[in-house]
Amino acid sequence: MSVGSMSRIRIAVVILAALVLGACSHRGSSSVAHLPPAAPSASDPSMEEQTTRFLEHKIKRDPEDFIALNKLATIYLQRVRETGDLNYLSLAARAAGASLTTLPPEQNIGGLVALTQVEYASHEFITARDHALRLTELEPNKSYSFQMLGDALLELGEYDKAEAAFRRMEELGGIQGLTRVAVEQRTARLGALHGDTEVAQRSLTNALNIAMSLPVPPRETVSWCRWQLGETAFGIGDYQTAERCYRDALVTFPDYFRALASLGRVRAAQGDLPGAIESYERATSIVPDPAFVAALGDLYKLAGRDKEAAAEYALVEQIAHLNDVNGSLYNRQQALFCADHDIKTEEAYENALKEYAGRRDIYGADALAWTALKTGRVAEAQTAITEALRLGTRDARLFYHAGMIARAAGNSSGARNYLNRALALNPQFDPLQASIARRALNSGE
């Protein structure tokens, strides 16, 4: 194994150990237009670092300074969003825990907010929901309580309740500033889940414009909006717009790992294999997220670099082992990787089944359906994929899975319908799986 691979394994070990402590061409008709021009961030990272050091020193002198602890937890959580480094999640969990040990939630709303955010970032969505509910009781007239509640409910698949929480959030939040950005972001998410790409694009554009109008536009928020606009465009096969959005995100935030990985994916869709590999290599050097690592392995395989592909796949499995020991953050990614590559499919199915028992969102149903198919449980796969499609989400991967399940069940017309929908929507949705979809469709079975 190369020194680089060993280094990334060590990074993955650190990241997952931290959980213990805290936790092609232009297609489609994209409506993304009139976006503000991309520009470097006006924020000052050195000032942010000074603030962090100041708070850390303050807490060292007074470990019971719950106000400083809450502020520090918020900063650490922002670092998680910016860098993907889960060491900061561990630090945020420590700070929130220390704050609430010093003063209980009833007198320490900030501590409970920080704890709820840590739980959400750690994919502990049930406890995040419960604590967000407590916040709505303690602060019934504050929009952020309902924002966190809606976020957790959305991840748990309780979509009607999530929409109700977001409506209340909007009623309480006003019409300007970061609260309005947050409302537009969630409207976009709901639009995408319900298959309304135009709503998703319009709301994300609104969020971006509002964020850019702030005195100091927050770089992660701006880059996230641009990245999500790229994801929406990619989802409907508009690769040119997607690439532009990803590159714009990287202008504001040059090492934004999400945009780097997505840029690799769209380069692969456009047939630029070397460029795709380069982007994924940069992304995985920052964050060895198993989805990024697996995608890089697939690209190496397509490039005939089998030894390097095997090393990436081995790294995914190493992360899976650490995940089993230290937490469940990557359960779904691991299950889908195994199902896609037909390895350890029984274990993948068990993991997907276990996760879906507590987190019944449509993508959990999809993971269960795909792993059930790969273990020969066709009837169960049919039931689960029906759940995955229940909102009308327009996602080529969902349609692909539905097509392959219909094919296995002997439903030739259903298989053709779903596979055609997948490839018409996004013909290069995945470097390996899209090819399998085309072969299945052309086989005529």
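Contact here means that heavy atoms lie within 4.5 Å. In this predicted model, Phe234 has such contacts with Tyr239, Ala242, Tyr246, Arg265, Val266, Ala269, Asn426, Gln428 and Phe429, when residues up to four places away in sequence are not counted. Phe234 is also one of the residues with the most contacts inside the largest nonpolar core, and the points below move from that core to helix H12, the salt bridges and Arg407.

**Nonpolar cores**

- The largest nonpolar core has 60 residues, and those with the most contacts inside it are Phe234, Tyr246, Val266 and Tyr280.
- Helix H13 gives the most to this core, with eight residues.
- A second core, separate from that one, has 31 residues, among them Ala365, Ala384, Ile385 and Leu419.

**Helix H12**

- Helix H12 covers residues 239–252, and its 14 residues reach 20 Å from the first C-alpha to the last, close to the 20 Å expected at 1.5 Å a residue.
- H12 is mostly covered, with ten of its 14 residues buried, and the residues concerned are Tyr239, Thr241, Ala242, Glu243, Cys245, Tyr246, Asp248, Ala249, Leu250 and Thr252.
- The cover over these buried residues of H12 includes H11 and helix H13 (257–269).
- Tyr246 belongs to both parts of this picture, since Tyr246 is among the buried residues of H12 and is also one of the residues with the most contacts inside the largest nonpolar core.

**Salt bridges between distant parts of the chain**

- The structure holds 32 salt bridges, and three of them are described here.
- Glu82 forms a salt bridge with Arg219, in which the closest N and O atoms are 3.7 Å apart.
- This pair links distant parts of the chain, with Glu82 in helix H3 (residues 66–83) and Arg219 in helix H11 (residues 219–235), 137 residues apart; both Glu82 and Arg219 are buried.
- Glu106 forms a salt bridge with Arg134, in which the closest N and O atoms are 3.0 Å apart.
- The link again joins distant parts of the chain, because Glu106 sits in the loop between helix H4 (87–102) and helix H5 (109–121), whereas Arg134 is in helix H6 (residues 125–138), 28 residues away.
- Glu106 has a relative accessible area of 42% and therefore counts as partly exposed, and Arg134, at 30% relative accessibility, is partly exposed as well.
- Glu155 forms a salt bridge with Arg359, in which the closest N and O atoms are 2.5 Å apart.
- Glu155 lies in helix H7 (residues 143–155) and Arg359 in the loop between helix H18 (345–358) and helix H19 (362–374), so this pair ties together parts that are 204 residues apart in sequence.
- Because buried means under 20% relative accessible area, Glu155 counts as buried at 11%, and Arg359 counts as buried at 12%.
- Salt bridges that share partners join Glu155 and Arg359 with Arg189, Arg332, Glu355 and Asp361 into one network.

**Arg407**

- Arg407 is placed in helix H21 (residues 396–408), and its relative accessible area of 29% makes this residue partly exposed.
- The side chains of Arg407 and Ser443 are joined by a polar contact of 3.4 Å.
- Arg407 and Leu441 are 34 residues apart along the chain, and their C-alpha atoms are separated by 9.5 Å.

Key. Residues are numbered from 1 along each chain as its sequence is written. This is a predicted model: local features need pLDDT of at least 70, side-chain atom pairs count only at pLDDT 80 or more; totals for chains, interfaces and linings use all residues. Side-chain values use heavy atoms; hydrogens and water are left out. Helices (H or I, at least four residues) and strands (E, at least two) are DSSP runs, numbered from the N terminus. Buried means under 20% relative accessible area, exposed over 50%, partly exposed in between (1.4 Å probe, protein chains only). A polar contact is a pair of N or O atoms within 3.5 Å; within protein, one must be able to donate a hydrogen and the other to accept it, and residues adjacent in sequence count only if both atoms are side-chain atoms. A salt bridge is a side-chain nitrogen of Lys or Arg within 4 Å of a carboxyl oxygen of Asp or Glu. The expected span of a helix is 1.5 Å times one less than its number of residues. A nonpolar core is a set of buried Ala, Val, Leu, Ile, Met, Phe, Trp, Tyr and Cys residues joined through side-chain atoms within 4.5 Å.
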